[in-house]
Amino acid sequence: YDEPWLHQDPDEIIDEVLTATARTNSLLQGITLERLQAEGTVKYSFDEVSDIPFEGGVFPTPDGRIQLRCDAMLEHGEDPLPYYAGPESPDEVRTDGSFRLLSGAAHHFVNSAMANLPNLERKEGRPSLEINPADAERLGIADGQVVKARNERGSVLLHAKLTDGVRPGVVVSPKGHWGRRSLDGRNVNQLTSDTLSDMGGGSTFHDIRVFVEPATAEDLQLVDVTLHERDAVPVS
């Protein structure tokens, strides 16, 4: 095997891929191996785009107009008219004090892949639960405090992060953190359902209801035990 490319080192290959891709993909303009080595991560070079969805009233439909009835859905056995199914336990939403949990993607992991790398963990920050200050005040929760999010499926301990970026009645905890590297050996997956969506058979991760409360002394004792066990486990 004497083809030159079989004997290239990883840096040479990365450099060639970046250079070749940048010729046809504007997102890679200005992103080089040298910059990645110096800066660690580099943002894509996005073009300036409008923040207005469907600006000018142009929609990606056959006639360019919005479709309130989509007959193409009939081919998939779905109702051609939109309807709102609501979150799980819809009748209890306004009366039981629970929150809708959103568990979107973490910024520095690909799902859980690479979530055990110390430099990416530092950038992502510790496992947290974002909550509106008004809700936090009502529950007696301070910024940075350890809280428990729970429902009928399980519970997880997280650090509270007070922010106006989350609406009252909603909490946010990004997915991706490894359970064994978290406070109590669990992650947000403890709370999510395996129910499939009504269209497409996808996940229903953003329909989850949870209760939030300050962690108890017993909960914090579990943290100490879990962290001790975690530190004893070699991480690959």
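## Phe 54 and Asn 111: two loop residues

Let's start with Phe 54, which counts as partly exposed because its relative accessibility is 46%, a value between the 20% and 50% cut-offs. Keep in mind that this is a predicted model. Phe 54 sits in the loop between helix H2 (33–39) and E1. Its phi is near 55°, a positive value in a residue other than glycine. Why is that worth pointing out? Most residues other than glycine have a negative phi.

Now move along to Asn 111, in the loop between E1 and helix H3 (118–124). Asn 111 is not a glycine, yet it has a positive phi of about 55°. With a relative accessible area of 47%, Asn 111 is partly exposed.

## The chain as a whole

How many helices and strands does the protein chain have? There are five helices and six strands. Read from the N terminus, the order of elements is α-α-β-α-β-α-β-β-β-β-α.

The chain has 236 residues, and 29% of them count as buried. Now take the contacts between residues at least 6 apart in sequence: 65% of these join residues at least 24 apart.

## Helix H1

Here's a little check you can do yourself. Helix H1 covers residues 10–22, which makes 13 residues, and at 1.5 Å a residue it should span 18 Å. The expected span is 1.5 Å times one less than the number of residues, so the steps are counted rather than the residues themselves. The end C-alpha atoms of H1 are 18 Å apart, which agrees.

Look at the start of H1 too. There, a side-chain oxygen of Asp 9 comes to within 3.1 Å of the backbone nitrogen of Asp 11.

## The barrel

The six strands form a closed barrel in the order E1-E5-E2-E4-E3-E6, with mixed pairing. On average, neighbouring strands of this sheet are turned by 45° against each other, direction ignored.

You can see the mixed pairing by following a few neighbours. E1 runs antiparallel to E6, and three bridges join them; Arg 100 has Arg 209 of E6 as its bridge partner. E1 also pairs with strand E5 (residues 170–172), this time in the parallel sense, over three bridges. In that pair, Leu 101 stands opposite Val 171 in E5. Elsewhere in the barrel, strand E2 (residues 128–131) pairs with E4 in the parallel sense over four bridges, and Ile 131 has Leu 162 of E4 as its bridge partner.

## Two faces of E1, and the core

In a regular strand the side chains alternate between the two faces of the sheet. Which side chains of E1 point to the face where they are buried? They are Phe 99 and Leu 101, while Arg 100 and Leu 102 point to the other face and are not buried.

Leu 101 turns up again in the largest nonpolar core, which has 17 residues. Leu 101, Leu 129, Val 171, Leu 191, Val 210 and Val 212 touch the most other members of that core. The elements giving two or more residues to this core are strand E1 (99–102), E2, strand E3 (146–151), E4 and strand E6 (208–214). As for Leu 191, its contacts beyond four places in sequence include Leu 101, Ala 149, Val 156, Ile 208 and Val 210.

## Val 147 and His 159

Val 147 is found in strand E3. Is Val 147 buried or exposed? It is buried, because its relative accessible area is 1%. Val 147 and Ala 160 are 13 residues apart in sequence, and their C-alpha atoms are 6.3 Å apart in space. Leaving aside neighbours within four places in sequence, the contacts of Val 147 include Leu 129, Ile 141, Leu 158, Ala 160 and Val 212.

His 159 lies in strand E4 (residues 154–162). At 12% relative accessibility, His 159 counts as buried, since buried means under 20%. A polar atom of the His 159 side chain lies 3.4 Å from the backbone oxygen of Gly 144. Not counting residues up to four places away in sequence, His 159 touches Gly 144 along with Arg 126, Pro 127, Ser 128, Leu 129, Gln 145, Val 146 and Leu 183.

Conventions:
Residues numbered from 1 in each chain as written. Predicted model: local features only at pLDDT ≥ 70, side-chain atom pairs only at ≥ 80, totals over all residues. Heavy atoms only, no water. Polar contact = N/O pair within 3.5 Å; in protein donor to acceptor, adjacent residues only side chain to side chain. Buried < 20%, exposed > 50% of the residue type's maximum accessible area, 1.4 Å probe, protein only. Contact = heavy atoms within 4.5 Å. Pairing = 2+ DSSP bridges. Axes fitted to C-alpha atoms, helices over the stretch in contact; angles between N-to-C directions. Core = buried A, V, L, I, M, F, W, Y, C linked by side-chain atoms within 4.5 Å.
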